[in-house]
Amino acid sequence: MKTIVIAGGGTAGLQLAARLGKQLGKRGLANIVLVDRYRTHLWKPLLHEVAAGKLEPYIHHTSFALQARRYGFRFVQGEFTSLNRDNRTLAITTAGSDGATHVTALAYDTLVLAIGGTTQYFGVPGAREHALALDSVPGAEYARTQIVDALRRVSSQAKAADRPARASVAIVGAGATGVQLAAQVRQMSRVLSQYGIHSLDPERGTEIRLVEASGNILPGMDHRLADRTTAELQAQGIQILLNTRVTEVRPDCLHIAGAAPVAADVTIWTAGVTVSPVLSNIGLQVTRNGRVRVGDTLQTLEDEHIYALGDCASFRPAGELAELPTRAQVAHQQAIYLARALPRALAGKPVARFKFQDRGSVISLADDMALCHLLAPGVSDGWQVQGALAKLVHAVIYRRHVLAIQGFARAVAMTLSQRLERLLGAGYRLD
Ligand SMILES: Cc1cc2nc3c(=O)[nH]c(=O)nc-3n(C[C@H](O)[C@H](O)[C@H](O)COP(=O)(O)OP(=O)(O)OC[C@H]3O[C@@H](n4cnc5c(N)ncnc54)[C@H](O)[C@@H]3O)c2cc1C
């Protein structure tokens, strides 16, 4: 029996494993193996909410082992650290509680690379050391503790000196992650002030700056969406510094090309995505950001046994100048495509080409505000939506992911328990 190994259980990989497990694994038609470095999955577009304390990861996460049993695939926890294409094996490294590492070999007939992306610091001095990254649950949780610590620290310094003070949070990169995080931090600071976690002014006591190297926020998205988002952020007192290039990150400030340094008690780096070097050294073509180039069946250009999808893959549709962006929508559609294409390829049947259908973008700015630019086939300009309807679209996108990996009954149960948890709490973590 053939073995399909999926490396990475994120937005794309877990959904693909569940679908292939159901179609092939449960029926004994193929071995489906999912590898991830963590034991649980959390949908990555929620990480800024984890960083702001709006979302408890343990209430929203999914156990890979549980999913494996339900859907008929095998789960291997460990880090994919190298690949031998000649004998088709992956090296999986695990660390024991004693700190010792173990390497095991995992054989495949077909390999799907779905390891996502990681933070790109563009070689800016001090960025890796002093800026926080949101590319994993532990990273987002650490960012939350650093923001809360900064609010508390500045608050007690202000009390001791008996004068008003401000905590400053700098977010480098005004893409979807940075923009949504800025709004969440504003809301977080307000709520923590209401509950007495800090005594800074709920509006003016936290300076939030979005620092963007290009001339607009939300680069690559509809300009009307960007304009509406800018107005909304400014109304929330968030400063947007455009055409501003960070040249160095220090523990307490950012150095800016051609301007005075900007104070930052906490710096969060959301400026770019790169891919783990593990994919750069295996004889496959990669882009400048380390994304593996794939063709229109998502197979790598050099090796028909290896596919790649999601953030770690670079796919440029025919006739387009740019590769598809690193977005959940792309990863989701590619997972659905591969779940249909792989069983056909395995059975020696012809497979259709992958076609991306852009459905638009959603930006969630705080509890009661979201903005959307929705697209549909044949509609050239799309629709601009905001308010309750946009919030509903945002919720539906996440719930669709939960539905895809949990099934209907569990998705409903999870939604209810998450709603209950939110109703009973303050809306933001207070610890
Ligand atoms: C804070 C934040 C907010 C975002 N908001 C949005 C949004 O609003 N809209 C949108 O469209 N997109 C958003 N994105 C981008 C979106 O999350 C990604 O495009 C999407 O998750 C990509 O899916 P993926 O499956 O390729 O990778 P991921 O979802 O990142 O999954 C990769 C998986 O691989 C595992 N892994 C990584 N390396 C290894 C290894 N070496 N060995 C084993 N396992 C490994 C990881 O643990 C992870 O489970 C956001 C991203 C972030 C960080």
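## Report on a predicted model

UniProt, in an unreviewed entry, lists residues 3-335 as "domain: FAD/NAD(P)-binding". UniProt positions are given in the numbering used here, feature names are shortened, and annotations may be inferred rather than shown by experiment. The span 3-335 is 30% helix and 27% strand. Its end C-alpha atoms lie 18 Å apart. Helices (H or I, at least four residues) and strands (E, at least two) are DSSP runs, numbered from the N terminus.

This is a predicted model, in which local features need pLDDT of at least 70, side-chain atom pairs count only at pLDDT 80 or more, and totals for chains, interfaces and linings use all residues. Residues are numbered from 1 along each chain as its sequence is written, and side-chain values use heavy atoms, with hydrogens and water left out.

**The cores**

A nonpolar core is a set of buried Ala, Val, Leu, Ile, Met, Phe, Trp, Tyr and Cys residues joined through side-chain atoms within 4.5 Å. Buried means under 20% relative accessible area, exposed over 50%, and partly exposed in between (1.4 Å probe, protein chains only).

The largest nonpolar core has 58 residues. Ile6, Leu113 and Leu338 touch the most other members. Helix H9 (residues 328-346) supplies the largest share of this core, 8 residues. A second, separate core has 52 residues, including Ala150, Ile171, Ile197 and Ile208.

What does Ile6 touch, leaving aside residues up to four places away in sequence? Among its contacts (heavy atoms within 4.5 Å) are Gly13, Leu16, Ile32, Val112 and Ala114.

**Helix H11**

Helix H11 (residues 408-424) has 17 residues. From first C-alpha to last it reaches 24 Å, close to the 24 Å expected at 1.5 Å a residue. The expected span is 1.5 Å times one less than the number of residues.

Which residues of H11 are buried? They are Ala411, Met414, Thr415 and Gln418. These residues lie on the same side of H11, because they cover an arc of only 100 degrees around the axis. The arc is that of the directions from the helix axis to the C-beta atoms. An α-helix has 3.6 residues a turn, so residues three or four places apart point the same way.

The buried residues of H11 pack against helix H3 (57-60) and helix H10 (388-406). The face turned away from the buried side carries the exposed residues Ala409, Leu416, Leu423 and Leu424. Val412 also has its place in H11. Val412 counts as partly exposed, at 35% relative accessibility.

**Two hairpins**

Two strands pair if DSSP finds at least two bridges between them. Strand E15 (residues 246-249) and E16 pair in the antiparallel sense over 3 bridges. A hairpin joins E15 to E16 through 3 residues. Strand E16 (residues 253-256) is joined to strand E17 (residues 259-263) by 3 bridges, and these strands run antiparallel. E16 and E17 form a hairpin with 2 residues between them. Gly258 in the turn has a positive phi of about 70 degrees.

| Residue | Opposite residue or bridge partner |
|---|---|
| Glu248 | His255 in E16 |
| Cys253 | Ala263 in E17 |
| Ile256 | Ala259 in E17 |

**Positive phi outside glycine**

Most residues other than glycine have a negative phi, and most peptide bonds are trans. Arg88 has a positive phi of about 50 degrees although it is not a glycine. Arg88 is in the loop between strand E6 (79-84) and strand E7 (89-95). At 28% relative accessibility, Arg88 counts as partly exposed.

Asp162 is not a glycine either, yet has a positive phi of about 55 degrees. The loop holding Asp162 runs between helix H6 (137-161) and strand E12 (167-172). Asp162 is exposed, with a relative accessible area of 72%.
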